[in-house]
Amino acid sequence: MAGFPIQYAERIRTLPPYLFAAIDDMKRKAIEGGMDIINLGIGDPDLPTPEPIIETLRQAAGNPKHHQYPSYDGMLSFRTAVAQWYQRRFAVTADPKTEVLTLIGSKEGIGHVPLAFIDKGDVVLVPSPGYPVYPVGVSFAGGISHEMPLTKDNGFLPDLDAIPKDIAKKAKLMFLNSPNNPTSVVASKEYFKKVVDFAKEHHIIVCHDAAYSEIYYDGKRPCSFLEAEGAIDVGVEFHSLSKTFNMTGWRIGFAVGCQDVIAGLGKVKTNIDSGVFQAIQEAGITALALDDSVTNDLRGIYQERRDVLVAGLKKLGLSLETPEAAFYVWIEVPKGFTSASFTAHLIEKAGIVTTPGNGFGDPGEGYIRMTVTTTKERLAEAVDRMQKIGW
Ligand SMILES: *Cc1c(COP(=O)(O)O)cnc(C)c1O
């Protein structure tokens with residue numbers, strides 16, 4: 001206990017209730033009851049970081065020049081590796097000096113970017129259901145989120161025409177995310193071109209989250225927002241080594257795009273953090289230069305798992321699309337259930353932890369999210385258990 005009444009700031013007092021606390025509670029009860037838990041709730045790769053990346057860190061950790069503060073924008077050599085990777089992967093040209101910024105994971109950049117551009121009362125367009133960091137970052141900056149609902153009817157892509165004209169006029173920034181968490185839907189280059197036109201017309205900064213661009217199936221490579229003509233004039237893309245190279249614990253990501261947006265985010269960061277451990281940036285250079293065979297192997301593993309889970313769920317009569325990317329399966333709950341009640345049913349009766357769709361925003365009600373970050377044997381077991389419990 002504090003020695004006097006501690007008052008929380010409005011920005012954290014007004015955070016939406018932590019929906020997942022209820023799930024943690026149910027999970028704990030299931031474990032106490034001796035249930036063997038299959039956790040399909042977490043979006044965190046279960047596989048280890050590829051060895052060459054770890055070896056670079058081992059070597060670099062011993063170099064005293066890395067023991068001091070890193071440069072604020074990130075090592076130029078890391079930013080150059082990012083630019084080369086963008087060229088190789090997307091045929092997008094970016095100047096490593098002015099159009100690339102190193103981040104302490106992309107979540108850090110996404111959470112901080114509103115501080116650079118949003119004043120009290122400013123409107124930001126956010127996809128919903130979506131990564132909770134978008135609306136929270138907006139709210140911390142004093143801004144107001146306007147939800148762009150992702151629904152079956154609009155193919156789970158924001159319907160730009162449905163955004164009221166006065167909102168579009170007022171909006172200063174838009175978050176987008178493809179391949180998407182939680183729906184796994186992938187936007188096309190044509191869609192991104194429409195976003196660029198919309199952003200130009202209404203003077204909206206686009207912040208595209210591409211954390212899952214390298215987790216794709218059937219050889220169908222998702223495109224970068226920056227591949228759309230004119231995109232680099234209106235926005236930035238957030239990227240991460242986390243999902244691509246199983247490096248969620250390492251905390252390294254980057255932003256690429258419009259120089260003025262990169263500069264604004266850089267200014268915020270210079271004032272509140274001191275960058276990424278340079279030995280980790282060295283390891284990041286190794287990761288970005290790795291042969292595609294490494295990521296192909298990882299994709300192969302996820303694809304096998306996806307196939308086991310999706311085929312199993314469809315056989316049970318559940319309604320879902322086969323994901324083309326990311327490691328999420330977005331499933332409609334059976335008739336008579338809500339997101340919360342189906343989540344509870346699966347934990348309590350079968351020991352399967354999933355995430356209720358409404359936890360990502362109201363339009364996610366009626367869905368649950370499952371992940372393929374566990375072995376195919378466990379996924380098959382989950383399907384078996386679901387068949388046994390029924391609904
Ligand atoms: C995992 C994830 C990220 C990446 O987070 P890092 O901070 O780079 O580890 C970004 N956006 C979404 C939607 C994610 O699911």
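**The ligand site and a pocket between two domains**

In this predicted model, the ligand is surrounded by 14 residues, and the closest of them are Asp209, Tyr212, Ser240, Ser242 and Lys243. Sorted by class, this shell is made up of four nonpolar, six polar and four charged residues.

A look at individual atoms adds detail to this picture. Serine 240, one of the closest residues, has a polar side-chain atom 2.6 Å from an oxygen atom of the ligand. For serine 242, a polar side-chain atom likewise lies 2.6 Å from a ligand oxygen atom. Arginine 251 also places a polar side-chain atom 2.6 Å from an oxygen atom of the ligand. As for cover, the ligand on its own has 390 Å² of accessible area, and the protein covers 94% of this.

The protein also has pockets, and the second largest of them is worth a visit. Its volume is about 220 Å³. The lining of this pocket consists of 13 residues, and those nearest its centre are Thr183, Ser184, Val185, Glu321 and Thr322. By class, the lining divides into seven nonpolar, four polar and two charged residues.

Where does the second largest pocket lie with respect to domain 1 and domain 2? Domain 1 is built from two stretches of the chain, 16-48 and 293-388, while domain 2 spans 51-288. Both domains give residues to the lining, and the second largest pocket therefore lies between them.

Conventions:
Residues numbered from 1 in each chain as written. Predicted model: local features only at pLDDT ≥ 70, side-chain atom pairs only at ≥ 80, totals over all residues. Heavy atoms only, no water. Near = heavy atom within 4 Å. Polar contact = N/O pair within 3.5 Å; in protein donor to acceptor, adjacent residues only side chain to side chain. Areas by Shrake-Rupley, 256 points an atom, 1.4 Å probe, with all protein chains shown as cover. Nonpolar A, V, L, I, M, F, W, Y, C, P; charged D, E, K, R; others polar. 1 Å grid on protein atoms, 1.4 Å probe; cavity = no way out; pocket = protein on both sides within 12 Å on 5 of 7 lines; lining within 4 Å. Points joined across faces, edges and corners; volume = space filled by probe spheres on them. Domains from an automatic or database assignment.
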